[in-house]
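I opened this entry to note what I looked up, one part after another. The sequence and the model come first.

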Number of protein chains: 2
Amino acid sequence: MFNPNNPVPLHIQLRKSIEKKIKLGLFKEKIPSERELMETYDVSRSTVREAISQLVIDGILEKKHGKGTFISKHPIHYWSGNFISTTEMIERMQMTPGTKLIRHGIETIPDELKEAIEMDNAYLIKRVRYANEVPLAIETQYYPVTIGLQLANLDINHGTLYDLMENELSIQLNEADERITSQKIGSEDAELLNLPVDCYTLHLERFVYDVSGDLVEYCIADYNPELYSFHFKSSRAGK
Amino acid sequence: MFNPNNPVPLHIQLRKSIEKKIKLGLFKEKIPSERELMETYDVSRSTVREAISQLVIDGILEKKHGKGTFISKHPIHYWSGNFISTTEMIERMQMTPGTKLIRHGIETIPDELKEAIEMDNAYLIKRVRYANEVPLAIETQYYPVTIGLQLANLDINHGTLYDLMENELSIQLNEADERITSQKIGSEDAELLNLPVDCYTLHLERFVYDVSGDLVEYCIADYNPELYSFHFKSSRAGK
DNA sequence: AAGTGGTCTAGACCACTTG
DNA sequence: AAGTGGTCTAGACCACTTT
């Protein structure tokens, strides 16, 4: 079924295929059983289980012993161990994403950030993000200058910068460290979000690394706390 | 090596064993290779990999292709897909946990919560949580009355209620839904946390379910935002 | 070359759910 | 009884890292 010369592991090809069929609506509610998938794709059951287990970790599928594997009904998994772009997140909330570019260019890094990102200069992109035309968040993103300059040549007024990095610049994003706090918003930003001055926001900092472990983005986002909250699903299994 | 009559799956027994050896310091930095673990415990490699993969998901181990499996250096995984008790969380921060019981007893549920927890009455436990004697959070926990009455007979002034539920009441906790927002604190609670009135807190709501899917706890926690933030590690793999 | 984790197969039996 | 996911084995080859 799959091309054995493809360097992409079978379980990943299978996972993408299942993901696609879910998105296209070819699988409703339930996906075929592990043994059916074995036959359809001509792979072993371990491979099927490997593919499915990742989708379970991602919160896309749920297994029920003796019944089958079901498409998760949690409409939105804001957080499931994987970071996604703001655009995708807004789309998952069934809203229309929008973007307004405030400014971008090479800037010297503020002292309080120098320790965190270990660069003197960075390419800064500051944008307001909208959901159904309502300002939802302010994002300030810092990139290594070489990456930022390439991004600036692309369309940074729409779409997700993660997709641009991955698809246009061939940067393989790997993982991120994130921190959520509650912080007073500045007056400039308050105006952009239509919030009273000195209001508190949900403040997210995200360090994104590529497969080599190099920092490829530092993102600060302030969310309107009236419109946004972080949702999680966690298990007690790890105890 | 393991008792084959034990109904607990081998990979879980192995996982617990590895976890314990890490905690005891018998494994520093690196754990034995998969093939070594196979021989030591007399199980197949799949079983070893199954055990390890869960520990990787939990953020306790990290695999490096060609090098080995290493004990994660992230000293604290505040959030890694598993919820832990506040006590354990404070201990992981290398601080001493403390608790002050504010009040407890059967109460009628406020209207705004009725929809969420689908009970008329609940056993309420409200406590201030300290880290190194400094008030860190206020927790208000709602339990089904039968559970709450049992808990009240135990020591609710120390220790973790999750451990009490699991070990003393034999309730098997399964998973939780959590939501983080930023909220204005009430004047009563502000005093308990030594915060100015109308200050904002990091506000956590947690619904905890047992293996049958029944709600066994609803917990509201307000954290002093000066002292506490949520940390995450997320990957891009799920894309 | 030797050791590590990554991928994959073929097959077995168990436990749970539904007819 | 039949079908599902859960567990487990024994073995193979590949890709990456270190010696």
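How far from a phosphate oxygen of DNA strand C does a backbone N or O atom of Leu10(A) lie? I found 2.3 Å, which I noted as a polar contact (a pair of N or O atoms within 3.5 Å; within protein, one must be able to donate a hydrogen and the other to accept it, and residues adjacent in sequence count only if both atoms are side-chain atoms).

Before going on, I noted that this is a predicted model, in which local features need pLDDT of at least 70, side-chain atom pairs count only at pLDDT 80 or more, and totals for chains, interfaces and linings use all residues. Residues are numbered from 1 along each chain as its sequence is written, chains are lettered from A and ligands numbered from 1 in the order in which they are written, and side-chain values use heavy atoms, with hydrogens and water left out.

**DNA strand C**

I looked up what surrounds DNA strand C and found 26 residues, where near means that a heavy atom of the residue lies within 4 Å. The closest are Leu10(A), Ser44(A), Thr47(A), Glu34(B) and Arg45(B). A polar backbone atom of Ser44(A) is 2.6 Å from a phosphate oxygen of this strand. From chain B, an N or O atom in the side chain of Arg49(B) is 3.1 Å from a phosphate oxygen. Sugar or phosphate accounts for 64% of the atoms of DNA strand C within 4 Å of the protein, and bases for the rest.

By class, I noted three nonpolar, 11 polar and 12 charged residues on this surface. Ala, Val, Leu, Ile, Met, Phe, Trp, Tyr, Cys and Pro count as nonpolar, Asp, Glu, Lys and Arg as charged, and the others, Gly among them, as polar.

**DNA strand D**

I then turned to DNA strand D, which 26 residues surround. Among the closest are Glu34(A), Leu10(B) and Thr47(B). For Glu34(A), a backbone N or O atom lies 2.9 Å from a phosphate oxygen of the strand. A polar backbone atom of Leu10(B) is 2.3 Å from a phosphate oxygen, and an N or O atom in the side chain of Thr47(B) is 2.6 Å from one. Of the strand's atoms within 4 Å of the protein, 65% belong to sugar or phosphate.

**Chain B against chain A**

I counted 40 residues from each of chain B and chain A in the contact (heavy atoms within 4.5 Å). The buried area is about 3,800 Å², with 46% from carbon and sulfur atoms; buried area is the accessible area (1.4 Å probe) that two parts lose on being put together, summed over both. I found zero salt bridges between the chains (a side-chain nitrogen of Lys or Arg within 4 Å of a carboxyl oxygen of Asp or Glu). Three residue pairs are in polar contact, both at pLDDT 80 or more.

Which element gives the largest share of the side of chain B that touches chain A? It is S7(B), with 10 residues. Helices (H or I, at least four residues) and strands (E, at least two) are DSSP runs, numbered from the N terminus.

**Strand pairing**

Strand S7 (residues 173–184) of chain A pairs with S10(B) in the antiparallel sense over six bridges; pairing requires that DSSP finds at least two bridges. Ile180(A) stands opposite Phe230(B) there.

Within chain B, I found an open sheet of three strands in the order S1-S3-S2, with antiparallel pairing. Strand S1 (30–31) and S2 of chain B stand at the edges with a single partner strand each, so one side of each has no neighbour in the sheet.
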